[in-house]
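Morning, everyone. I have one structure to go through today, and I will keep to strands, salt bridges and two serines. Please have a look at it first.

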Amino acid sequence: MFLRLIAGLTLLLVAYFCFWPVAVEPTAWAAPNAPAYVGDFTVNEALANYDSLTMDGQTGPEGVVVDSQGRVYATTEQGWIMRWQRDEIEGEKWVKLPGRGLGICLGQSDDFWVADAFEGVYHISAQGVVTRRLTEVDGQPLLYANDLVMAPNGKIYLSDSTARFSAKAYGSTYKASLVDILEHGRTGRVIEFDPVSNSSRVIMTGLSFANGVTIDPDGRFLLVNETSEYRVWKYWLEGEKKGQSEVVLDNLPGFPDNILAGKNGRFWLGFTSPRIGLLDSLAAKPFVRKVVQRLPSVVRPAAKYYGHILAISGEGEVLVNLQDPAATYPLTTGASETEEYLYISSLVAPELARIKVSELHLVD
């Protein structure tokens, strides 16, 4: 009797792990061997010491921007946009979004544009008036508006990370991203939106979790992070290659998140986490990845705590490599550079990190 019970339970478990329906339909792909933390990625502790800007109980300053008056703004997990007056370390709750704001960029008149992962694209006036502007493109809703940037001509370029897993439905950008990364369905896209004519069009498709988007200060090209394939794309807006795209930095050591133009030709890129060996080893095994999704969430692959920021050129050359293996400031997503400071964003931190540019010894 006991052996029958064990056999029955074993069959039930096998049936569950093989046939229980889950949301993901993984596709096979060839993951490159992860690079070692040497050369351009040599381990250091440059991010270990930073100043903390308080956030009035908020967490996850995922996107950061600085206005013409030196005031700092950051999106948070709770939907607030925090604001710090120039040279202040105590933040104030400024504007509340309905969902989870991620990317934030300046407009042309000290106004702002925000990618709300739950609700779409919002415009915020300098006075704090919030207006919803974009919720779908080509009849397809924005399920995961992630990052955005305004071009010199006033157009907005936006990443919609996935057409499969709604950040709002999962109640968390992090949870939805884990599912999309496990599936590797390549449904991410980049969108061009004209706020004047209210028209939009898709300019890049087939990206495996489209993420950070930034623009060359002269408006010549975009740089786009493709998180699940560990690479950075360049999409040409002007010149002989207009409308074409190419990979300029491939096989990165982590999951690239935001990317933002800095000073002197630098573009700052943040890694939310180093690569996850189990995911790479299962890249060509979609059935096993589906089984993994049936495991309890606490044992599925998850982000590793590690601090890592790069500055790269528009051609993909690594210019600056800043790390903190101890992850004193966890799950770094990117950085915003001013003449005086580098503001470092995070997916979960209860504070905004700031390091003096003079302490980083950047070469101009």
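How many bridges pair strand β3 with strand β4, and is the sense parallel or antiparallel? The answer is 4 bridges, in the antiparallel sense, with β3 covering residues 72-75 and β4 residues 80-84. Before I go on, note that this is a predicted model. One position to find on screen is Tyr73, which stands opposite Arg83 in β4.

As general background, the strands of a sheet pair through backbone hydrogen bonds, and they do this either parallel or antiparallel.

Now the sheet around that pair. It is an open sheet of 4 strands, with antiparallel pairing, and the order is β2-β3-β4-β5. The edges are β2, residues 64-66, and β5, residues 92-96. Each edge strand has a single partner, so one side of β2 and one side of β5 have no neighbour in the sheet. Going from one strand to the next, the twist averages 25°.

Next, salt bridges. Over the whole structure the search finds 18 salt bridges. I will show three of them.

The first on my list is Arg132 with Glu119, where the closest N and O atoms are 3.1 Å apart. Where do the two partners sit? Arg132 is in strand β9, residues 130-134, while Glu119 is in the loop between β7 (112-116) and β8 (120-124). The two are 13 residues apart in sequence, so this salt bridge ties together separate parts of the chain. As for burial, Arg132 has a relative accessibility of 45% and counts as partly exposed. Glu119, at 14%, is buried.

Then there is Lys241 with Glu246, whose side chains meet in a salt bridge at 3.3 Å, N to O. Here Lys241 is partly exposed at 36% relative accessible area, and Glu246 is partly exposed as well, at 27%.

A separate group of residues is joined into one network by salt bridges that share partners: Arg186, Glu226, Glu229 and Arg231. Within that group, the side chains of Glu229 and Arg231 meet at 3.4 Å, N to O. Both of these residues are buried.

Last, the two serines. Ser161 is located in the loop between β13, residues 156-160, and α2, residues 167-170. Ser166 belongs to the loop between β13 and α2 too.

Is Ser161 buried or exposed? It is buried, with a relative accessible area of 0%. Its side chain reaches the backbone oxygen of Ala210 at 2.6 Å. Leaving out residues up to four places away in sequence, Ser161 touches Tyr144, Asn146, Asp180, Thr187, Gly188, Leu207, Phe209 and Ala210.

Ser166 counts as buried because its relative accessibility, 17%, falls under the 20% limit. Which residues does Ser166 touch, with the same sequence neighbours left out? They are Leu143 and Ala176. The side chain of Ser166 also reaches the backbone nitrogen of Lys168, at 3.2 Å.

One more distance, since Asp180 has already come up as a contact of Ser161. Between Ser166 and Asp180 the C-alpha separation is 9.7 Å, and the two are 14 residues apart along the chain.

That is what I have. Happy to put any of these residues back on the screen.

Technical notes. Residues are numbered from 1 along each chain as its sequence is written. This is a predicted model: local features need pLDDT of at least 70, side-chain atom pairs count only at pLDDT 80 or more; totals for chains, interfaces and linings use all residues. Side-chain values use heavy atoms; hydrogens and water are left out. A salt bridge is a side-chain nitrogen of Lys or Arg within 4 Å of a carboxyl oxygen of Asp or Glu. Buried means under 20% relative accessible area, exposed over 50%, partly exposed in between (1.4 Å probe, protein chains only). A polar contact is a pair of N or O atoms within 3.5 Å; within protein, one must be able to donate a hydrogen and the other to accept it, and residues adjacent in sequence count only if both atoms are side-chain atoms. Contact means heavy atoms within 4.5 Å. Two strands pair if DSSP finds at least two bridges between them. Axes are lines fitted to C-alpha atoms, for helices over the stretch in contact, and angles run from 0 to 180 degrees between N-to-C directions.
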